[in-house]
Amino acid sequence: MGMMRLMVAMLVVGFGCGLAQAQSGAAAGGAAQAAIVPTPGRAPDVLPGKGLAQHDFVYSGESHDRKIFIVRGGKVVWSYEDPSGKGEISDMVMLSNGNILYAHQFGLTEITPEKKVVWNYEPPAGHEVHTAVPIGMDRVLYVENADPNAILRVVNIKTGAVEKELPLQVKKPVQVHPQFRRVRLTPQGTLLAAHLDLGKVVEYDANGKELWSFPGERGVWSANPLANGNVLITDGLGVREVTRRGDSVWSWSRTDTPEYKFQNLQNAYRLKNGDTVINNWVNEWTKDGDNAPGPEQAIEVTPEKKVVWALREWGADGGVNLGPATTIQFLDQGDGPAEDVHFGDIR
């Protein structure tokens with residue numbers, strides 16, 4: 001059945017989502033969003049850093065509006081709005097050829113800079129996909145939230161062939177939506193999986209064998225491998241850098257930067273200078289004061305936890321409304337191609 005669904009999905013290759021050329025400015029690639037006034041008391045009135053000009057990055061978030069933005073030189077130079085009208089963008093990555101692969105709850109899609117769909121996959125009803133990892137230009141690794149277990153799958157998007165399929169443990173009784181958000185491949189070709197529902201990080205080899213695990217608090221949203229071999233984990237309490245021995249060698253919690261009122265944590269990123277960027281997601285589906293739009297969307301802290309940059313772009317003063325922050329890919333860090341990874345012997 002998995003093969004059949006993927007072969008059906010391949011029939012949509014080349015289906016256009018719009019041929020508009022990339023534009024600069026806030027309105028590029030989508031309808032303008034109404035400006036949102038920053039929420040008083042949730043962040044300083046004057047933020048440190050250079051706003052959009054601090055970094056070049058690709059940005060998206062779990063939101064009612066399924067939008068992706070590329071920021072370079074302090075301006076939005078490209079943007080895209082998913083026309084599907086359902087789901088939320090939970091994961092997104094730009095490849096070295098400029099294509100963007102993203103997971104949007106009810107599917108996976110890869111688009112070109114000209115906004116043409118080159119691959120699309122829709123899971124069966126009741127299943128969800130919230131993570132997307134390219135392996136080279138021809139393969140995609142993803143986890144499909146499902147019942148009775150989640151499914152890790154590697155598919156060749158050129159041929160439609162499923163080249164790897166493994167079951168992943170989930171909490172029972174099964175609730176599909178909270179099973180997984182973020183998985184990532186390590187330089188060693190293993191998989192770091194953040195088990196959101198089970199509240200732990202597990203490292204698997206390419207045969208599904210558990211190699212290492214670490215407990216989280218109040219759910220684990222992401223686990224990112226670091227250059228030094230450690231793992232940067234984001235859970236309900238904060239961000240921790242842990243060793244494979246299980247030692248916490250660096251951490252951040254809301255109390256470390258009390259002037260910034262974080263409500264929801266999803267991701268953290270380690271920059272080449274040693275700073276850590278932590279995002280602050282706004283839950284648009286829960287209407288209360290803590291989830292009101294307008295707070296900072298991300299902060300960059302030094303190893304000493306000094307805030308040197310805060311991003312707050314909700315469309316005020318003629319700016320762009322980036323929406324809630326879930327996933328940020330920094331383009332100014334000198335990283336290699338995002339697709340230059342492997343899973344076991346799959347490259």
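Student: In this predicted model, how many of the 347 residues count as buried?

Tutor: Burial is read as a share of the chain. Here 55% of the 347 residues count as buried.

Student: Which residue could I look at as a case of burial, and what is its relative accessible area?

Tutor: Take tryptophan 309, which belongs to strand β24, residues 307–311. Its relative accessible area is 0%, and the cut-off for buried is under 20%, so tryptophan 309 is buried.

Student: What is tryptophan 309 in contact with, apart from its neighbours within four places in sequence?

Tutor: The list for tryptophan 309 includes Pro48, Gly49, Lys50 and Gly51, as well as Phe57, Val277, Ile299 and Phe330. Sequence distance and space distance are two separate readings. Tryptophan 309 and isoleucine 278 are 31 residues apart in sequence, and their C-alpha atoms are 11 Å apart in space.

Student: Is isoleucine 70 buried or exposed?

Tutor: Isoleucine 70 has 8% relative accessibility, and therefore counts as buried. This residue sits in strand β2, which covers residues 67–72. Beyond residues up to four places away in sequence, isoleucine 70 touches Phe57, Val58, Trp78, Met94 and Leu331, among others. Phenylalanine 57 is 13 residues from isoleucine 70 along the chain, with 6.0 Å between the two C-alpha atoms.

Student: What share of the contacts comes from residues 24 or more positions apart?

Tutor: Among contacts in the chain with a separation of 6 or more, residues 24 or more positions apart account for 53%.

Student: How many helices and strands are in the chain?

Tutor: The chain has 25 strands and one helix.

Student: How do strands β11 and β12 run, and how many bridges join them?

Tutor: For a pair of strands, read the direction and then the bridges. Strand β11 (residues 150–156) and strand β12 (residues 162–168) run antiparallel, with six bridges joining them. For one residue, leucine 152, the bridge partner in β12 is leucine 166. The two strands form a hairpin with five residues between them, and glycine 160 in the turn has a positive phi of about 85 degrees.

Student: Why does the radius of gyration agree with a compact globule?

Tutor: The reading is a comparison with an expected value. A compact globule of 347 residues would have a radius of gyration near 20 Å, and the chain has 19 Å, so the two agree. Along the principal axes, the C-alpha trace spans about 55 × 50 × 40 Å.

Student: What does the chain expose, and which atoms supply 52% of it?

Tutor: About 14,200 Å² is exposed, and carbon and sulfur atoms supply 52% of that area.

Student: How many positive and negative side chains are there?

Tutor: The chain has 34 positive and 41 negative side chains, and the centres of the two sets are 1 Å apart.

Note on methods
Residues are numbered from 1 along each chain as its sequence is written. This is a predicted model: local features need pLDDT of at least 70, side-chain atom pairs count only at pLDDT 80 or more; totals for chains, interfaces and linings use all residues. Side-chain values use heavy atoms; hydrogens and water are left out. Two strands pair if DSSP finds at least two bridges between them. Helices (H or I, at least four residues) and strands (E, at least two) are DSSP runs, numbered from the N terminus. The radius of gyration is taken over C-alpha atoms; the globule rule is 2.2 Å times the number of residues to the power 0.38. Buried means under 20% relative accessible area, exposed over 50%, partly exposed in between (1.4 Å probe, protein chains only). Contact means heavy atoms within 4.5 Å. Accessible areas come from the Shrake-Rupley method with a 1.4 Å probe; for residues, only the protein chains shown count as cover. Lys and Arg count as positive and Asp and Glu as negative; His and the chain ends are not counted. The place of a charge is taken as NZ of Lys, CZ of Arg, CG of Asp or CD of Glu.
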